[in-house]
Amino acid sequence: MRIRPASPAALALAVLVWLMPCLGGCGLTDTQAWKSSRRFYYTYVNTPARIDVSDPVTLSENDSRLASRLMAVDEQLSGLEQALDALGSVPDGAAVDALLRRFPWLSGLTLVDASGVILAAEPPVSLKQLDFTPLLECPPGSSPRALRAVVQDTVLGPEVLVARPLLAGGELQALLVASFDFRSLLPYTSTPGDLVVRTADILMWAGDEAGSLDGVDWSAQIAKRSHGVVRTESSAFVWLVRYMGGQPLVFATPVA
């Protein structure tokens, strides 16, 4: 669903509606198709793909091992993508509360204007110092309406920021940003110690394999393929790139 154009005045009114339920003391706070491995993901249009573990013929033992560890996490991430993509306007307080209840692993939701200034946030205060300005520019080759994402390292750990652009007349008026720490998704996998999750530059979760993949040039790996096996001096890992808002996230697990 595309965002309905809204005038700046309408946006201001929407922000006020969002804030009204909390005026007593609180504030409120792709579709860019991501490249996917043909072994794991269904072809899709306008909705995020789901990991395909239903065909034992096309999945090797190691691929099945990785898929089984990602399946529930992928469902959560796909659900968030769908929920953000379906928004037709700035959500009101009830809609924000519903999103936070549906995805309890989110750190919060933040509405920022086209300059990166925070208009509203829930919760009102973030424990992490986040910079929303990298989300303001539309990534090259992406639709202005598509989800955007970045991963930022902080003193309290990496944070993933996924933004839904709100446009008026083709111009960016605001971003609704959902943020989360990947560690909050670990309860959705039964074997978190088997997972390594990272971007090309930022380690988000090391599992039991801390340091094992530090020497891998992930930028080069991602540029060449979206799925494969990398070997280190002591071990080997099967890995997969899952794109979220144009941001490549690498998931890896030791081979059997």
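Two strands are counted as a pair here if DSSP finds at least two bridges between them. Helices (H or I, at least four residues) and strands (E, at least two) are DSSP runs, numbered from the N terminus. With those terms in hand, we can walk through the structure.

This is a predicted model, in which local features need pLDDT of at least 70 and side-chain atom pairs count only at pLDDT 80 or more, while totals for chains, interfaces and linings use all residues. Residues are numbered from 1 along each chain as its sequence is written, and side-chain values use heavy atoms, with hydrogens and water left out.

## The overall layout

The chain has four helices and ten strands. Following the sequence, their pattern is α-α-α-β-β-β-β-β-β-β-α-β-β-β. Of its 256 residues, 52% count as buried, where buried means under 20% relative accessible area, exposed over 50%, and partly exposed in between (1.4 Å probe, protein chains only). About 11800 Å² of the chain is exposed, and carbon and sulfur atoms supply 54% of that area. Accessible areas come from the Shrake-Rupley method with a 1.4 Å probe; for residues, only the protein chains shown count as cover.

## One sheet, from β1 to β5

Let us begin with an open sheet of five strands, in the order β2-β1-β5-β4-β3 and with antiparallel pairing. Its edge strands are β2 (118-122) and β3 (148-152), each of which pairs on one side only. On average, neighbouring strands of this sheet are turned by 20° against each other, direction ignored. For such angles, axes are lines fitted to C-alpha atoms, for helices over the stretch in contact, and angles run from 0 to 180 degrees between N-to-C directions.

Inside this sheet, nine bridges join β4 (residues 159-168) to β5 (residues 171-180), and the two run antiparallel. Pro165 stands opposite Leu175 in β5. Helix α2 (residues 61-85) lies across β4 and β5, at about 155° to β5. Helix α3 (residues 93-102) lies across β1 (108-113) and β2, running at about 135° to β1. Contact means heavy atoms within 4.5 Å.

## Another sheet, from β6 to β10

Five strands also form an open sheet in the order β7-β6-β10-β9-β8, again with antiparallel pairing. At its edges stand β7 (203-205) and β8, each with a single partner strand, so one side of each has no neighbour in the sheet. The twist from one strand to the next averages 30°.

Where does β9 find its partners? Five bridges join β8 (residues 227-231) to β9 (residues 236-244), and eight bridges join β9 to β10 (residues 247-254), with the strands running antiparallel. Leu240 of β9 stands opposite His227 and also opposite Phe251 in β10. Helix α2 packs on this sheet too, touching β8, β9 and β10, and its direction makes about 20° with that of β9. A hairpin of four residues joins β8 to β9.

## Charged pairs

Side chains of opposite charge can pair when their charged atoms come close. A salt bridge is a side-chain nitrogen of Lys or Arg within 4 Å of a carboxyl oxygen of Asp or Glu. By this rule the count comes to eight, including the three below.

| Salt bridge | Closest N to O |
|---|---|
| Arg242 and Glu81 | 3.0 Å |
| Asp181 and Lys128 | 2.9 Å |
| Arg183 and Asp181 | 2.6 Å |

Arg242 in strand β9 and Glu81 in helix α2 are 161 residues apart, so the pair links distant parts of the chain. Arg242 is buried at 1% relative accessibility, and Glu81 is buried at 3%.

Asp181 lies in the loop between β5 and β6 (196-198) and Lys128 in the loop between β2 and β3, so their salt bridge ties together parts that are 53 residues apart in sequence. Asp181 is buried, with a relative accessible area of 11%, and Lys128 counts as buried at 12%. Arg183 is partly exposed, at 37% relative accessibility. Through shared partners, salt bridges join Lys128, Glu159, Asp181 and Arg183 into one network.

## A nonpolar patch

What lies on the surface in the way of nonpolar patches? Leu127, Val155 and Leu156 form one, with about 400 Å² of accessible area together. Patches are made of residues with over 30% relative accessible area and no salt bridge: like charges are joined within 9 Å, nonpolar side chains (Val, Leu, Ile, Met, Phe, Trp, Tyr) within 5 Å. Leu127 is found in the loop between β2 and β3 and is exposed, with a relative accessible area of 77%.
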